[in-house]
Amino acid sequence: MPDDQNQLIFMTPTANEAFLRLVGIMEELREKCPWDKKQSIQTLRQLTIEETYELADAITDQDWKGIKEELGDLLLHVVFYAKIGAEQNQFTLEEVINGVCEKLISRHPHIYGDVKVENDEDVSRNWEKLKMKEGKRSILSGVPKSLPSMVKAMRLQEKAKQVGFEWENKEQVWDKVEEEQKELQEAIVSGNQYHVEEELGDLFFSLVNYARFLNADAENALERTNKKFIDRFTKMEAEALNTGKALSEMSLEEMDAIWNKIKRS
């Protein structure tokens, strides 16, 4: 729990004023700006996805200035959707805010009720049980279909864990990784491309599971590697040009020598 000083920093009257200022600006833009007047929930959808990924990039880079900016952009989208919802007589901004407040209170009976918990795992299990009582047919039903596959794999595994469908230790998970790796090799030998892809998916899924047992974010780990590859490859391109050659004119051995030089530095 945050201390009292941090609570005061987070909850200030000026924060309330700033939020109302944003709502007022949204009202004005929706009335006067041709672009804002034209938007619908469908046209905003892709922009919201883009903003979410930009926030994810800032988090990966631990760019606090960027995180602050992207959170502002996402908050704008929340207000924008609420404005459109009100125009369509579907819901109001007040209902959106009160809805999530009521959800948080009902799903935290250890804070707002008499339920006792020992740790965060107990909280997660209670959360899933409460969702099932609210009408969910499957513990997996809350995982969005459109999530990127690696994030979805992690979320599915975390959901299954709440009912006890989980390995006991990371050594067991690694045994599963090695088992899936062997099955992939067998599929490659068979020459059945569909089977190869199936077993490759199983291997990826097992590696995501292993990442969870290492308390690592598999999606973030891969993205960090992507960024590292981009950085090294662009440096390799620049280094090649300094020698008077493009990469396409170099042999693999020449490129590999530059790559290893950059890697060492």
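In the predicted model, Val96 is placed in helix α6. Its relative accessible area is 34%. Because a residue is called buried under 20% and exposed over 50%, Val96 is classed as partly exposed. Val96 contributes to a nonpolar surface patch of about 360 Å², together with Leu75, Val78, Phe91 and Ile97. Two helices, α5 (64–87) and α6 (93–106), each provide at least two residues of this nonpolar patch.

Helix α4 comprises 20 residues, from 41 to 60. The distance from the first C-alpha of α4 to the last is 28 Å, close to the 28 Å expected at 1.5 Å a residue. Within α4, the residues Leu44, Thr48, Glu51, Leu55, Ala58 and Thr60 are buried. These buried residues of α4 pack against two other helices, namely α5 and α12 (218–242).

Just after α4, the backbone at Gln62 adopts a positive phi of about 50 degrees. Gln62 belongs to the loop between α4 and α5, and the positive value arises although Gln62 is not a glycine. In general, most residues other than glycine have a negative phi. With a relative accessibility of 64%, Gln62 counts as exposed, since the term applies over 50%.

A second loop residue with a positive phi is Asn215, which is also not a glycine and has a phi near 60 degrees. Asn215 is situated in the loop between α11 and α12. The relative accessibility of Asn215 is 74%, so this residue too is classed as exposed.

Helix α11 spans residues 193–213 and contains Arg212. Arg212 has a relative accessible area of 13% and is therefore buried, because the cut-off for a buried residue is under 20%. The side chain of Arg212 takes part in polar contacts with two other side chains. One of these contacts is made with Gln157, at 3.0 Å, and another with Glu166, at 2.8 Å. When residues up to four places away in sequence are not counted, Arg212 touches Met154, Gln157, Glu158, Lys161 and Glu166. Gln157 and Glu166 thus appear both among the residues touched by Arg212 and as its partners in polar contacts.

Helix α10, covering residues 170–190, includes Glu180. The relative accessibility of Glu180 is 6%, and this residue therefore counts as buried. Apart from neighbours within four places in sequence, Glu180 is in contact with Glu199, Asp202, Leu203 and Ser206. The position of Glu180 in α10 may be set beside the extent of α11, from residue 193 to residue 213, since the contacts of Glu180 include Glu199 and Ser206.

Ile258 is located in helix α13, which runs through residues 252–264. Ile258 is buried because its relative accessibility is 10%, and the term applies under 20%. Contacts of Ile258, not counting residues up to four places away in sequence, are made with Met236, Glu239, Ala240 and Met250. Ile258 and Phe233 are 25 residues apart along the chain, and their C-alpha atoms are separated by 9.7 Å.

Notes: Residues numbered from 1 in each chain as written. Predicted model: local features only at pLDDT ≥ 70, side-chain atom pairs only at ≥ 80, totals over all residues. Heavy atoms only, no water. Patch = residues over 30% accessible without salt bridge, like charges linked within 9 Å, V, L, I, M, F, W, Y side chains within 5 Å. Areas by Shrake-Rupley, 256 points an atom, 1.4 Å probe, with all protein chains shown as cover. Salt bridge = Lys/Arg side-chain N within 4 Å of Asp/Glu carboxyl O. Helix = DSSP H or I, 4+ residues; strand = E, 2+ residues; numbered from the N terminus. Buried < 20%, exposed > 50% of the residue type's maximum accessible area, 1.4 Å probe, protein only. Expected span 1.5 Å × (residues − 1). Contact = heavy atoms within 4.5 Å. Polar contact = N/O pair within 3.5 Å; in protein donor to acceptor, adjacent residues only side chain to side chain.
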